[in-house]
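This report looks at one helix and its surroundings, and then at the main pocket.

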Amino acid sequence: MSNKKPKHYLNVKETFPQLIQAVENLGEAARSAGPLDKKTTHLIQLAAAVTNRNEGAVHSHTRRLLEAGATPEEIRHAIVLLVSTIGFPSVMAGLSWAEDMMD
């Protein structure tokens, strides 16, 4: 598992610290706005990232899920559940991207 944030993200954070702080604050505000726990919120965000075919967000939420105590089996299951909604090729791509962070 890679806990390290991507170099590109760190470069943008260094160049635009206020912007990145605002984005991080927005995400935290959304997660804390309701009763769902951190793991559940990241599972939902992971599903959205796979659906949008956003590899970077899949990496990010997979990393955050592992940090929040999710197992690789839970992460894989969350992605596989999407198969009847978004299709097999998109699910396979999402699984591949999640595996990048679980190796």
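## The start and course of helix 3

In this predicted model, helix 3 begins with a contact in which a side-chain oxygen of Asp37 comes to within 3.3 Å of the backbone nitrogen of Lys39. From its first C-alpha to its last, helix 3 reaches 20 Å over 14 residues, close to the 20 Å expected at 1.5 Å a residue.

## Packing of helix 3

The buried residues of helix 3 are Thr41, His42, Leu46, Ala47, Ala49 and Val50. Together, the buried residues of helix 3 pack against helix 2, helix 4, helix 5 (72–80), helix 6 (83–86) and helix 7 (88–102).

Two of these buried residues, His42 and Leu46, are also in contact with His61, as is Gln45, when the neighbours of His61 within four places in sequence are left aside. His61 is found in helix 4, and it counts as buried because its relative accessible area, 10%, is under the 20% cut-off.

## The residue after helix 3

Helix 3 is followed by Arg53, which lies in the loop between helix 3 and helix 4. Most residues other than glycine have a negative phi. Arg53 is not a glycine, yet its phi is positive, at about 55 degrees.

Is Arg53 buried or exposed? The answer lies in between: with a relative accessible area of 44%, Arg53 is neither under 20% nor over 50%, and it is therefore classed as partly exposed.

## The largest pocket

The largest pocket has a volume of about 640 Å³ and is lined by 23 residues, of which Tyr9, Ser60, His61, Arg63 and Arg64 lie nearest its centre. His61 thus appears in two settings, as a residue in contact with His42, Gln45 and Leu46 and as one of the lining residues nearest the centre of the largest pocket.

Which helices each supply at least two residues of the lining? Helix 2 (17–31), helix 3 (38–51) and helix 4 (55–67) each do so, and the largest share, eight residues, comes from helix 4. By residue class, the lining of the largest pocket divides into seven nonpolar, eight polar and eight charged residues.

Conventions:
Residues are numbered from 1 along each chain as its sequence is written. This is a predicted model: local features need pLDDT of at least 70, side-chain atom pairs count only at pLDDT 80 or more; totals for chains, interfaces and linings use all residues. Side-chain values use heavy atoms; hydrogens and water are left out. On a 1 Å grid over the protein atoms alone, a cavity is a set of points where a 1.4 Å probe fits but cannot get out, and a pocket is an open set with protein on both sides within 12 Å along at least five of seven lines; lining residues have an atom within 4 Å of a point. Grid points are joined across faces, edges and corners, and a volume is the space filled by probe spheres set on the points. Helices (H or I, at least four residues) and strands (E, at least two) are DSSP runs, numbered from the N terminus. Ala, Val, Leu, Ile, Met, Phe, Trp, Tyr, Cys and Pro count as nonpolar, Asp, Glu, Lys and Arg as charged, and the others, Gly among them, as polar. Buried means under 20% relative accessible area, exposed over 50%, partly exposed in between (1.4 Å probe, protein chains only). Contact means heavy atoms within 4.5 Å. The expected span of a helix is 1.5 Å times one less than its number of residues. A polar contact is a pair of N or O atoms within 3.5 Å; within protein, one must be able to donate a hydrogen and the other to accept it, and residues adjacent in sequence count only if both atoms are side-chain atoms.
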